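Biologist: Can you walk me through this model? I have some questions on cavities and helix packing.

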Amino acid sequence: MTATSLSTDEERHRVSVPDLEGTHYFTVLRWLHERLAPASYFEIGTSSGASLSIANCASVAVDPRFDLNQDVIGRKPFCAFYQIPSDAFFRRYDLTRIFDGPVDLAFLDGLHLCEFLLRDFSNTERHCRRNSVIVLHDCVPVEMAIASRTPSPTVEAHRKDWRPGDVWRTLLALRKHRPDLAFTVVDSHPTGLVLITNLCPQSTILSDDYTAIVREMMSLSLEEIGIEGLFSTINLEPTAVIDTPEKLSQRFWL
Ligand SMILES: C[S@@+](CC[C@H](N)C(=O)[O-])C[C@H]1O[C@@H](n2cnc3c(N)ncnc32)[C@H](O)[C@@H]1O
């Protein structure tokens, strides 16, 4: 399919909402690694290894289907790969024991469905400390048509493998149900990054209220909220707010 066969609605949103133009997410991840110098890095969703290769510290990567095509080991003193879905990983293994300590930095980029990311966040937070940083990918869709659980074939053809899905719902749910967390949402190219700190490993809110939160997330309609409405609700900021060590350390410290 070509762009000329897009429906009127998709065409309208494609035109009215440009791609996010902030610094690419690989570069922002590099800033975090270089400037926060984490001792431990946890990643859900690794695929080719592009994001994992940025880390130089002890790392654990989880993906049911690794598709590595580059040197992901680099200078890492330790790197463990678990080729299983993240839920199975958390059921079978104790991340704190694997690292022999808490996770400093995590990047959650696995299955792009809201309930999966909610579980990935909740399960990861348990292995963090208060000032660890959990980064969520793809929560800031730039077009209505790519933000659904089943993107249209037209959008698939246009975007190839890139499917943000409905994890924007997880961001809204976290903001509502965990107001204690500190969020920085930046306009990283192409679909944003959410940096979360002030974590609470002992919190059971998300697991206790999981069913109700998922039901509530599913009831959210991006058509009703609107893309611009979503941007203002989540307080989308330019990546320039964290582009120097000084600015980063005002919001994050390990
Ligand atoms: C967008 S790719 C990750 C890209 C990578 N983080 C990067 O930036 O280079 C998403 C990955 O999530 C993996 N995935 C799918 N379902 C998953 C699950 N249940 N648990 C963990 N990873 C999953 C896929 O196999 C895929 O490799």
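Modeller: L108, D109, G110, L111, H112, L117, D120, H137 and V167 line the second largest cavity (a 1 Å grid set over the protein atoms alone where a 1.4 Å probe fits but cannot get out; lining residues have an atom within 4 Å of a point). This is a predicted model, where local features need pLDDT of at least 70, side-chain atom pairs count only at pLDDT 80 or more, and totals for chains, interfaces and linings use all residues. Residues are numbered from 1 along each chain as its sequence is written, and side-chain values use heavy atoms, with hydrogens and water left out.

Biologist: What volume does the second largest cavity have?

Modeller: About 30 Å³. Its lining has 4 nonpolar, 3 polar and 2 charged residues.

Biologist: And how many cavities of 30 Å³ or more in the whole structure?

Modeller: The search finds 2. The largest has a volume of about 40 Å³, and S122, E125, R126, R178, P201, S203 and L206 line it.

Biologist: Switching to helices. At what angle do α5 and α9 cross?

Modeller: Roughly 140°, with the axes of α5 (residues 114–125) and α9 (residues 210–219) coming within 10 Å. That makes α5 oblique to α9, as angles under 35 degrees count as roughly parallel, over 145 as roughly antiparallel, 65 to 115 as roughly perpendicular and the rest as oblique.

Biologist: Which residues meet there?

Modeller: C114, E115, L118 and R119 in α5 meet Y210, I213, V214, M217 and M218 in α9 (heavy atoms within 4.5 Å). By class, that contact has 7 nonpolar, no polar and 2 charged residues.

Terms used. Axes are lines fitted to C-alpha atoms, for helices over the stretch in contact, and angles run from 0 to 180 degrees between N-to-C directions. Helices (H or I, at least four residues) and strands (E, at least two) are DSSP runs, numbered from the N terminus. Ala, Val, Leu, Ile, Met, Phe, Trp, Tyr, Cys and Pro count as nonpolar, Asp, Glu, Lys and Arg as charged, and the others, Gly among them, as polar. On a 1 Å grid over the protein atoms alone, a cavity is a set of points where a 1.4 Å probe fits but cannot get out, and a pocket is an open set with protein on both sides within 12 Å along at least five of seven lines; lining residues have an atom within 4 Å of a point. Grid points are joined across faces, edges and corners, and a volume is the space filled by probe spheres set on the points.
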